[in-house]
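Thank you all for coming; I would like to walk you through one chain this morning, moving from a single residue to the whole fold and back again. Please keep the display open while I speak.

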Amino acid sequence: MIRVLFEVTVKKEGAEEYRALAASLKDELARVKGYVRSERFVSLAHEGKLLSLSAWESEEAVDAWRNVLNHRICQRQSREALFENYTITVATQLRSYTDADRGEAPEDSRVAHPGGGKRAYEAGG
C-alpha cells in the first residue's frame with residue numbers, strides 16, 4: 001500500500017476555486033486503477049492549510065493519477081495562482097492495525113493493550 005500526503009497552504013483568495021477544482025477531479029480519481037481512498041483534513045493550527053491523504057495499491061497507480069491530463073491542468077492552475085506552498089510525501093506502509101485487528105501491532109503495544117482497543121475495554125477486556 002502506498003500513501004500520498006499532500007500538504008498545501010491555499011491562498012485565502014483561492015480557497016473556493018481550489019475546492020471547485022478538487023471536486024471536479026473526484027470522479028476521475030475514483031476511476032484510476034489502483035486507487036483505494038482519499039480524505040482531506042483542515043489544519044486547526046494554520047489557516048488555509050490542508051492535508052489530503054490518499055491510499056493506493058501501487059506506485060504505478062500513483063503514477064497513473066499524476067499523469068491524468070485534467071489532474072495535470074489543475075496542478076498547473078493551482079501552483080500558478082492558488083497555492084502559497086505545498087509538500088508531497090509518498091510513503092510505503094510499514095504496518096497497519098486497528099483496535100480490532102492487532103496482528104501487525106508492535107509486540108509492546110499488544111502487551112500493553114491485550115485484547116485490542118476501546119471495544120475490548122468496553123467489554124471488560
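**From one strand residue to the core**

Let me begin with Val90, which is partly exposed, with a relative accessible area of 46%; here buried means under 20% relative accessible area, exposed over 50%, and partly exposed in between, using a 1.4 Å probe and protein chains only. Before going further I should say that this is a predicted model, in which local features need pLDDT of at least 70 and side-chain atom pairs count only at pLDDT 80 or more, while totals for chains, interfaces and linings use all residues. Residues are numbered from 1 along each chain as its sequence is written, and side-chain values use heavy atoms, with hydrogens and water left out.

Val90 sits in strand β4, residues 83-92, where helices (H or I, at least four residues) and strands (E, at least two) are DSSP runs numbered from the N terminus. Setting aside residues up to four places away in sequence, Val90 touches Ile2, Arg3 and Val4, contact meaning heavy atoms within 4.5 Å. Its C-alpha atom is separated by 8.9 Å from that of Glu59, and these two residues are 31 apart along the chain.

Now to the chain as a whole, which contains five helices and four strands, running β-α-β-β-α-α-β-α-α from the N terminus on. Its radius of gyration is 18 Å, whereas a compact globule of 125 residues would have one near 14 Å; that radius is taken over C-alpha atoms, and the globule rule is 2.2 Å times the number of residues to the power 0.38. Along the principal axes, the C-alpha atoms fill a box of roughly 55 × 35 × 20 Å. Of the contacts with a separation of 6 or more, 63% join residues 24 or more positions apart, and buried residues make up 29% of the 125 in the chain.

What, then, is in the largest nonpolar core? The core has 20 residues, and those with the most contacts inside it are Val8, Val10, Tyr18, Val32, Trp56, Trp65 and Phe83; by nonpolar core I mean a set of buried Ala, Val, Leu, Ile, Met, Phe, Trp, Tyr and Cys residues joined through side-chain atoms within 4.5 Å. Two or more residues each come from β1 (2-10), α1, β3 (49-56), α2 (59-66) and α3 (69-82), with β1 giving the largest share, five residues. In soluble globular proteins, nonpolar side chains tend to be buried together.

Two members of that core deserve a closer look. Val32 lies in the loop between α1 (15-31) and β2 (35-42), and is buried, with a relative accessible area of 11%. Beyond four places in sequence, Val32 touches Trp56, Ala61, Ala64, Trp65 and Val68, and the C-alpha atoms of Val32 and Trp56, 24 residues apart along the chain, are separated by 9.7 Å. Phe83, under the same exclusion of sequence neighbours, touches Phe6, Val8, Thr9, Val10, Lys11, Tyr18 and Ser78.

I will finish with Tyr35, in strand β2, whose contacts outside its neighbours within four places in sequence are Leu29, Ala30, Ala55 and Trp56. The C-alpha atoms of Tyr35 and Glu57, 22 residues apart along the chain, are separated by 6.4 Å.
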